[in-house]
Amino acid sequence: MEFNATFLVSAISFLVFVFLMNKVFYAPLTDIITKREKIVDDTLNEAKNSHEQAYGILKDRENKLNKALEDSKKIILSGTENANLISKEILQKAKNDSSEELSNQKADLQAQNFELKSKLKNTVDELTEIITTKILG
């Protein structure tokens with residue numbers, strides 16, 4: 001094989017072509033690909049961060065809901081206990097009032113009974129005296 005100037009010119013022109021293609025075509029294309037990869041990676045990382053934040057917010061929401069549920073149960077239980085206490089107090093007061101009223105009524109009835117017995121005794125005594133005076137004379 002012979003190496004002449006044509007081969008040398010062809011080799012140099014090929015090297016110049018490769019150099020120009022790298023500078024003109026491949027270098028900007030590589031830059032664009034690198035930038036796009038960086039954008040995709042940044043977007044992916046941002047999406048992961050957003051997902052983690054959303055998961056954290058969801059967990060926080062669940063915790064708040066559970067706490068609110070527990071608090072509402074405590075409030076309902078406390079209200080029920082208070083209502084039961086109040087109803088017991090009212091019932092006890094009503095029992096005491098009715099007992100007192102019953103005692104007062106019994107005392108009044110006993111007083112009336114005593115008064116009626118004494119009136120009856122007086123009336124019987126008077127009737128006895130009237131009958132004895134009429135019979136004896």
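I take a residue as partly exposed when its relative accessible area falls between the buried class, under 20%, and the exposed class, over 50%. With that in hand I looked up Asp42, whose relative accessibility of 39% makes it partly exposed. I note at the outset that I am working from a predicted model.

**Entry: Lys38 and Asp42**

I then asked what Asp42 pairs with, and found a salt bridge to Lys38, in which the closest N and O atoms are 3.2 Å apart. Both residues belong to helix 1, where 4 residues, or about one turn of the helix, separate them. Lys38 has a relative accessible area of 53%, so I entered Lys38 as exposed, whereas its partner Asp42 is partly exposed.

**Entry: the other salt bridges I followed**

My search of the whole structure gave 4 salt bridges, and I followed up some of them besides the one above. Asp60 and Lys64 are joined by their side chains in a salt bridge, with 3.5 Å from N to O. I located this pair in helix 1 as well, its members 4 residues apart, which is about one turn of the helix. For Lys64 I recorded a relative accessible area of 55%, which puts Lys64 in the exposed class, while Asp60, at 38%, is partly exposed.

Lys67 and Asp71 also meet through their side chains in a salt bridge, and here I noted 3.3 Å from N to O. Helix 1 holds both of these residues, again 4 residues apart and about one turn of the helix. Asp71 has a relative accessible area of 30%, and I therefore listed Asp71 as partly exposed.

**Entry: acidic residues on the surface**

Where does negative charge gather in a patch on the surface? I found such a patch made up of Asp97, Glu100, Glu101 and Asp108. I checked the position of one of them, Glu100, and placed it in helix 1, which runs over residues 5–136.

**Entry: aromatic rings**

How many aromatic pairs does the count come to? The count comes to 1 aromatic pair. The pair consists of Phe25 and Tyr26, whose ring centres lie 5.2 Å apart and whose planes stand at 70 degrees, so I entered the arrangement as edge-to-face, the cut-off for that class being an angle over 60 degrees. I also looked up how far each residue is open to the surroundings: Phe25 is partly exposed, with a relative accessible area of 43%, and Tyr26 is partly exposed too, at 41%.

Note on methods:
Residues are numbered from 1 along each chain as its sequence is written. This is a predicted model: local features need pLDDT of at least 70, side-chain atom pairs count only at pLDDT 80 or more; totals for chains, interfaces and linings use all residues. Side-chain values use heavy atoms; hydrogens and water are left out. Rings of Phe, Tyr and Trp (its six-membered ring) pair if their centres lie within 6.5 Å; planes under 30 degrees apart count as stacked, over 60 as edge-to-face and the rest as tilted. Buried means under 20% relative accessible area, exposed over 50%, partly exposed in between (1.4 Å probe, protein chains only). Patches are made of residues with over 30% relative accessible area and no salt bridge: like charges are joined within 9 Å, nonpolar side chains (Val, Leu, Ile, Met, Phe, Trp, Tyr) within 5 Å. Accessible areas come from the Shrake-Rupley method with a 1.4 Å probe; for residues, only the protein chains shown count as cover. Lys and Arg count as positive and Asp and Glu as negative; His and the chain ends are not counted. The place of a charge is taken as NZ of Lys, CZ of Arg, CG of Asp or CD of Glu. Helices (H or I, at least four residues) and strands (E, at least two) are DSSP runs, numbered from the N terminus.
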